[in-house]
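Student: I should like to learn how features of a model are read, one at a time. Could we work through a case together?

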Amino acid sequence: MRQTFKDSEHLLRLAALFAAGILLFFITRAALMPAGFGELGHYRSGSLQDNRSHRLLFAGSAACAECHDDVVQTVSAGKHTSVHCEACHGPHQAHASDPTTVAAKRPDPLVLCATCHEKNVAKPRQFPQVDIQEHAAGASCTDCHQAHSPAME
Amino acid sequence: MPGVEGFMYPNEVELQWSILIVIYPFVTGLVAGAFILASLERVFNVEAVKPTYRLALLTALAFLLVAPLPLQLHLGHPERSLEMFLTPHTSSAMAMFGFVYLWYLMAVLVIEIWLDYRKDLVLVARASTGLKRLIYRALTLGSDNLSERSLALDARLGRIITIIGIPSAFLLHGYVGFIFGSVKANPWWSTPLMPIVFLFSAIVSGIAAVLLVYMIYSARQGDRLDMACLDTVARYLFYAFLVDFSLEMLDLIHRIYEADESFRSLDFMVHTRLYTSQVVLQIFVGTLVPIGLLWLTQIVRLSELARKTIYAVSAALTLVGIFAMRWNVVIGGQLFSKSFLGYTTYKMDFATREGLLPALIVMILPLLILWALVWLLPPTEPAGAKHGAEEARAA
Amino acid sequence: MTMNRRDFLEQGGKFILLTGAAALAWDHVLAGQPEQAPNYSMNDHWWAMFIDVEKCIGCGNCVRACKAENDVAPGPSYFRTWVERYHIPKKSPDHLEAEDHPMVDSPNGGYDGFPEKYGDGDGAKNFFVPKLCNHCAHSPCVQVCPVGATYVSPDGVVLVDKTYCLGCRYCVQACPYGCRFIDPRTHTVDKCNLCYHRITRGLTTACCEACPTGARMLGDLKNPKDPIHELLRDHTVQVLKPQMATGAKVYYNGLDGSVR
């Protein structure tokens with residue numbers, strides 16, 4: 001019996017070394033496991049909050065309506081009813097949070113209107129589109145059209 | 001867009017996986033193949049290949065130690081790689097592979113090498129002094145027992161480990177194949193044949209590598225090559241190649257016949273961007289030529305010198321061909337758009353983290369490690385061992 | 001009514017807590033963030049999107065808005081959302097065996113709009129298709145992530161944990177739609193997260209906010225009053241690559257069979 005032990009001693013040392021390694025692994029794992037991992041699924045639950053805490057650039061048209069309800073009414077009565085305020089005016093969260101300090105932006109019609117209304121064969125046929133150079137003949141779009149209620153009577 | 005032909009989804013234009021990810025399956029393939037050759041002797045008692053046994057194991061170890069390196073160089077955050085062991089996602093083949101790798105390295109390869117070498121390590125330790133003695137004593141884990149019983153135990157356990165090792169080697173490289181084969185989004189990769197093709201090409205490359213290593217090692221030692229061994233190894237290379245080639249042809253014929261939505265796009269890619277690496281290097285230079293040469297040695301009686309030359313040339317071409325195969329899978333799978341409407345190009349830099357230079361270093365490193373291993377754990381009986389044995393007998 | 005000290009403390013404590021919560025909520029309302037008030041429950045929502053291809057005019061507003069709102073890496077290979085233009089030539093009678101594939105382009109993802117490239121009157125079919133992450137319910141990208149750095153949230157959004165991502169790029173390979181990419185600044189994966197910071201506050205996504213024609217519309221499948229239910233019922237709806245069975249939740253009206 002003693003001889004068996006002596007002869008297999010090297011194997012027992014090997015086994016002990018492996019056991020130590022496995023133990024070290026579990027200790028390391030317990031120490032380094034990130035907080036909240038596995039709570040809701042195979043991910044760190046804190047990541048949900050990380051994804052939520054990005055800053056806003058666009059305020060959303062509901063915010064605009066708080067002060068500019070008259071404009072919102074005009075727009076929803078006209079052809080641009082599906083166009084949200086910031087689709088033309090750009091992101092305005094800063095202005096919405098602090099209207100007195102941060103100014104609103106008025107877009108340049110020549111650039112902006114063309115973005116949507118310049119003729120292109122890939123646009124849906126029934127969508128109002130023109131060759132702007134031909135149509136405007138040098139004039140600015142707002143010379144004839146009112147952006148918030150663009151239809152000409 | 002520069003380098004783009006047709007249409008690619010905007011995010012697809014830059015390749016995600018570089019030459020480093022080509023090297024990775026190549027290296028793990030050599031490991032699996034070398035080990036399977038070694039196990040031929042141990043488990044199937046193919047006595048003829050015994051001279052390559054230790055060399056095959058050391059080759060496997062050298063390459064397995066280097067295998068994580070290309071991955072670490074590739075990761076966006078290598079410092080987070082421990083996460084794969086802390087929180088492995090069990091549905092991810094990549095995550096589970098981390099454990100397969102660890103199992104294979106520690107529970108199979110290292111133990112098998114240790115058990116086979118223990119006697120020599122003890123003998124060298126006994127015959128050395130100073131630092132050398134310390135190193136070898138550490139390697140023996142402080143054991144000094146060389147009784148017949150203990151050696152018999154080693155042999156028995158070693159055999160069991162080898163038996164476990166064969167499916168483990170299959171798992172090691174089959175898994176790499178599965179990492180690609182299970183990606184339904186990529187029709188170049190997605191096939192159940194992928195793990196099998198990877199495995200057999202691994203066996204082919206491993207045998208070829210050991211064959212070359214054995215020839216070079218013997219030449220360096222000034223030993224006479226055991227031709228019976230060499231002939232047997234070459235014969236196994238030939239058989240493995242036949243199976244590998246058949247599998248790859250099966251995949252190709254199947255694709256051409258079914259001609260699904262991806263076929264036209266992939267076919268065009270193979271005829272243009274992938275022509276040199278696929279048709280010229282992989283199929284012709286890397287498969288048909290070596291198979292032809294090896295077949296020649298099987299049917300015609302050739303002189304020893306002729307056979308040695310053919311074996312060396314075939315093995316070298318094989319390695320080129322199998323590397324090309326990995327390239328064609330990894331890079332080829334990213335050259336075409338998932339819209340099947342376009343192609344991009346792979347721009348490989350030189351001295352960047354994933355460039356050609358680190359790739360070359362990663363390929364050379366295992367050879368340096370192998371050299372060091374051969375020095376530390378000589379495949380043939382060490383001179384010091386003889387001396388130590390005599391001392392033991394005199395005592 | 002008699003009240004012992006314990007009851008008093010209990011009632012008082014509750015009063016203070018409730019007022020405190022109300023005060024906190026009011027602060028957020030004043031700050032123009034009505035939904036930051038902690039009343040967003042993930043289990044009450046299952047987010048999706050409805051895209052009407054027949055309304056898309058390829059203006060690129062959505063691409064620009066997304067890049068701005070989400071601080072997306074600048075450059076032509078990094079898009080959380082992009083627009084593709086399809087041009088399907090008429091089948092010519094003397095060339096019926098011709099290549100049966102559409103011609104598609106997406107110059108800088110549609111960020112600068114689409115300069116006219118095709119003439120009129122050639123009988124071809126042309127249209128735009130906006131694309132983004134499909135927030136698949138059975139997401140293959142989530143399946144392959146080795147560490148759990150990407151996941152489906154309880155409210156149905158596929159999100160990325162940038163502090164945990166290794167940058168192995170397996171998920172980029174696994175996505176059939178090409179919506180993931182590696183952010184060259186953080187070396188982690190990035191993709192559309194359905195403006196999670198907005199939708200959890202009762203706002204809509206930046207791309208939907210900026211879309212002038214209502215081609216893009218955020219939907220909440222768990223809300224019985226959400227307009228998406230009617231839209232799904234009344235239109236011929238498809239998802240991209242349905243054969244992949246990813247459980248994609250971006251539903252397209254008017255999606256032509258040629259769309260890849």
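**Reading backbone, charge, surface and interior**

Tutor: Asn45(B) sits in the loop between α1 (19–44) and α2 (53–66) of chain B. Please keep in mind that this is a predicted model.

Student: What is the phi of Asn45(B)?

Tutor: The general idea comes first: most residues other than glycine have a negative phi. Asn45(B), although not a glycine, has a positive phi of about 55°. Asn45(B) counts as partly exposed because its relative accessibility is 49%, and the upper limit of that class is 50%.

Student: Where is Cys195(C) placed, and is Cys195(C) buried or exposed?

Tutor: Cys195(C) is found in the loop between β8 (188–190) and α5 (196–199) of chain C. Cys195(C) also has a positive phi, of about 45°, without being a glycine. Its relative accessible area is 5%, so Cys195(C) is buried.

Student: Let us turn to charged pairs. How many salt bridges are found over all chains?

Tutor: In general, side chains of opposite charge can pair when their charged atoms come close. A search of the whole structure yields 24 salt bridges over all chains. One of the pairs is Glu304(B) with Arg224(B), whose closest N and O atoms are 3.3 Å apart. This pair links distant parts of the chain, 80 residues apart: Glu304(B) is in helix α12 (residues 304–330) of chain B, and Arg224(B) is in the loop between α8 (193–221) and α9 (227–258) of chain B.

Student: Why does Glu304(B) count as partly exposed, and why does Arg224(B) count as exposed?

Tutor: Glu304(B) is partly exposed because its relative accessible area is 31%. Arg224(B) is exposed because its relative accessible area is 65%.

Student: Which residue meets Asp251(B) in a salt bridge, and what separates the two along the helix?

Tutor: The side chain of Asp251(B) meets that of Arg255(B), at 3.4 Å from N to O. Asp251(B) and Arg255(B) are separated by about one helical turn, because they are four residues apart in helix α9 of chain B. Arg255(B) counts as buried because its relative accessibility is 18%, and the limit for that class is under 20%.

Student: Which residue forms a salt bridge with Glu84(C)?

Tutor: Lys131(C) does, with the closest N and O atoms 3.1 Å apart. Glu84(C) belongs to strand β2 (residues 81–88) of chain C and Lys131(C) to strand β4 (residues 125–132) of chain C, so the pair ties together parts that are 47 residues apart in sequence. Both Glu84(C) and Lys131(C) are buried.

Student: Which residues are linked in a network of salt bridges?

Tutor: Such a network links Arg44(A), Asp50(A) and Asp161(C).

Student: May we move to the surface? Which residues form a nonpolar patch there?

Tutor: The patch is formed by Phe350(B), Leu357(B), Leu360(B), Ile361(B), Ile364(B) and Leu368(B), which together have about 550 Å² of accessible area. Ile361(B) is part of helix α14 (residues 356–376) of chain B. With a relative accessibility of 47%, Ile361(B) counts as partly exposed. Ala359(B) is also placed in helix α14 of chain B, but Ala359(B) counts as buried because its relative accessibility is 2%.

Student: How far apart are Ala359(B) and Ile291(B) in sequence and in space?

Tutor: Ala359(B) and Ile291(B) are 68 residues apart in sequence, and their C-alpha atoms are 28 Å apart in space.

Student: Finally, the interior. How many cavities of 30 Å³ or more are found?

Tutor: The search of the whole structure finds seven. The largest cavity has a volume of about 160 Å³. It is lined by 16 residues, of which the closest to its centre are Glu12(B), Gln16(B), Gln334(B), Lys338(B) and Gln173(C). At least two lining residues each come from α13 (332–335) of chain B and α4 (170–174) of chain C. By class, the lining of the largest cavity has five nonpolar, seven polar and four charged residues.

Student: What is the volume of the second largest cavity, and which residues are the closest to its centre?

Tutor: The second largest cavity has a volume of about 110 Å³. Of its 15 lining residues, Cys145(C), Ala149(C), Cys165(C), Cys168(C) and Cys171(C) are the closest to its centre. The lining of the second largest cavity has eleven nonpolar, two polar and two charged residues.

Technical notes:
Residues numbered from 1 in each chain as written. Chains lettered and ligands numbered in written order. Predicted model: local features only at pLDDT ≥ 70, side-chain atom pairs only at ≥ 80, totals over all residues. Heavy atoms only, no water. Patch = residues over 30% accessible without salt bridge, like charges linked within 9 Å, V, L, I, M, F, W, Y side chains within 5 Å. Areas by Shrake-Rupley, 256 points an atom, 1.4 Å probe, with all protein chains shown as cover. Salt bridge = Lys/Arg side-chain N within 4 Å of Asp/Glu carboxyl O. Buried < 20%, exposed > 50% of the residue type's maximum accessible area, 1.4 Å probe, protein only. 1 Å grid on protein atoms, 1.4 Å probe; cavity = no way out; pocket = protein on both sides within 12 Å on 5 of 7 lines; lining within 4 Å. Points joined across faces, edges and corners; volume = space filled by probe spheres on them. Nonpolar A, V, L, I, M, F, W, Y, C, P; charged D, E, K, R; others polar.
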